[in-house]
Amino acid sequence: MGFLIMTNILIVTAVEAERQAVLTGLSDFRHIDVELCGFGPMESAARTSKLLAEKSYDLVINMGVAGAFQGRARIGDCVVASESISADLGAESGEGFKTVEDLGFGKMRFEVATHAESLKEAIEAAVPAHIGPILTLSTATGTEETEVLLAKRFDPAAEAMEGAGVATAASLFDVDFLEIRTISNMVGPRDKGAWRLDHALQSLKKVAEVMKGELSS
Ligand SMILES: O=C(O)c1cccc(C(=O)CC[C@H]2O[C@@H](n3cnc4c(=O)[nH]cnc43)[C@H](O)[C@@H]2O)c1
């Protein structure tokens, strides 16, 4: 316990509803800054870089909701990233998709801080929790064809749209990185009516409560 005790932690979320869920979970605990990084990999990289340039942090955590791949997590569950993967940055070719790494232009897989596994175990007491790769996409998956393709290519647990952007900023500033998501929807054919944002945001609040406990103990 208490493995999150370190001086400066920054949590970034894409949208205000996610930020509010995290702040509610942390309640009166004000030793962590919770800021918006905006929507998608580009805005999240740029805005996180700005935040890291303004103040010194030891750890940046990207929190928010996500889509889960079939069999990996359910609505309301938590997924802690074992790595964040920039999944759609690259080039199509006759021999298939070439990643940014294949092209020699940078990193595709972003490693996470060593706390990931212990944090997942602590979260399990409050919310069903899993650990696995979380994809970062510029375009949310909306067809079964893409779902199957991504599952085959990366064996991911979940997908979202900011993690690798935040991780890019963290690595630029030599700051540790974690991505923690709660599940609002299943990845597959787009059906916004089936999203359970309230459930996911409630779980996000519970995850933040656990993190507060880890910091206070
Ligand atoms: O409308 C609202 O009240 C509201 C509250 C909280 C979040 C939202 C979003 O639209 C979140 C967008 C955010 O969620 C991630 N996300 C969630 N599911 C997926 C997915 O299946 N594929 C990709 N990204 C997903 C993503 O990180 C977005 O930034 C609305």
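Reader: Let's start with Glu 18. Which residues does Glu 18 touch, skipping those up to four places away in sequence?
Author: This is a predicted model, to be clear up front. In it, Glu 18 touches Thr 13, Met 63, Gly 64, Val 65, Arg 181, Leu 201 and Leu 204.

Reader: And where is Glu 18 found?
Author: In helix 1, which covers residues 16-26.

Reader: Arg 181 is on that contact list. What is the distance from Glu 18 to Arg 181, the nearest side chain of opposite charge?
Author: 4.4 Å. A salt bridge needs the side-chain nitrogen within 4 Å of a carboxyl oxygen, so Glu 18 has no salt bridge, even though Glu 18 is buried.

Reader: OK, which backbone nitrogen does the Glu 18 side chain reach?
Author: That of Val 65, at 2.9 Å. Val 65 also turns up at the ligand, as one of the residues that come nearest.

Reader: Oh, let's go there then. How many residues are around the ligand, and which come nearest?
Author: There are 17 around the ligand, and the nearest are Val 65, Glu 159, Met 161, Glu 162 and Asn 185.

Reader: What does Glu 159 do with a nitrogen atom of the ligand?
Author: A polar side-chain atom of Glu 159 sits 2.6 Å from that nitrogen. There's also a ligand nitrogen 3.3 Å from a polar backbone atom of Gly 67.

Reader: Back to Arg 181: which kind of ligand atom lies 3.3 Å from a polar side-chain atom there?
Author: An oxygen atom. Arg 181 is in contact with Glu 18 as well.

Reader: Switching topic: which members of the largest nonpolar core touch the most other members?
Author: Ile 11, Ile 61, Met 63, Ile 123 and Ile 180, out of 58 residues. Helix 7, residues 197-216, gives the largest share of this core, with eight residues.

Reader: What does Ile 180 contact beyond its neighbours within four places in sequence?
Author: Quite a list, including Ile 61, Met 63, Cys 78, Leu 119, Ile 123, Val 207 and Met 211.

Reader: Which residues are in the second, separate core?
Author: That core has 10 residues, among them Ile 85, Met 108, Phe 154 and Val 187.

Reader: Last one, Ile 183. Buried or exposed?
Author: Ile 183 is buried, because its relative accessible area is 0%. Ile 183 is found in strand 10, residues 176-186.

Reader: How far is Ile 183 from Ala 68, in sequence and in space?
Author: They're 115 residues apart in sequence and 6.2 Å apart in space, C-alpha to C-alpha. Ala 68 is one of the contacts of Ile 183, and so is Gly 67.

Note on methods:
Residues numbered from 1 in each chain as written. Predicted model: local features only at pLDDT ≥ 70, side-chain atom pairs only at ≥ 80, totals over all residues. Heavy atoms only, no water. Helix = DSSP H or I, 4+ residues; strand = E, 2+ residues; numbered from the N terminus. Buried < 20%, exposed > 50% of the residue type's maximum accessible area, 1.4 Å probe, protein only. Lys, Arg positive; Asp, Glu negative; His and termini not counted. Polar contact = N/O pair within 3.5 Å; in protein donor to acceptor, adjacent residues only side chain to side chain. Contact = heavy atoms within 4.5 Å. Core = buried A, V, L, I, M, F, W, Y, C linked by side-chain atoms within 4.5 Å. Near = heavy atom within 4 Å.
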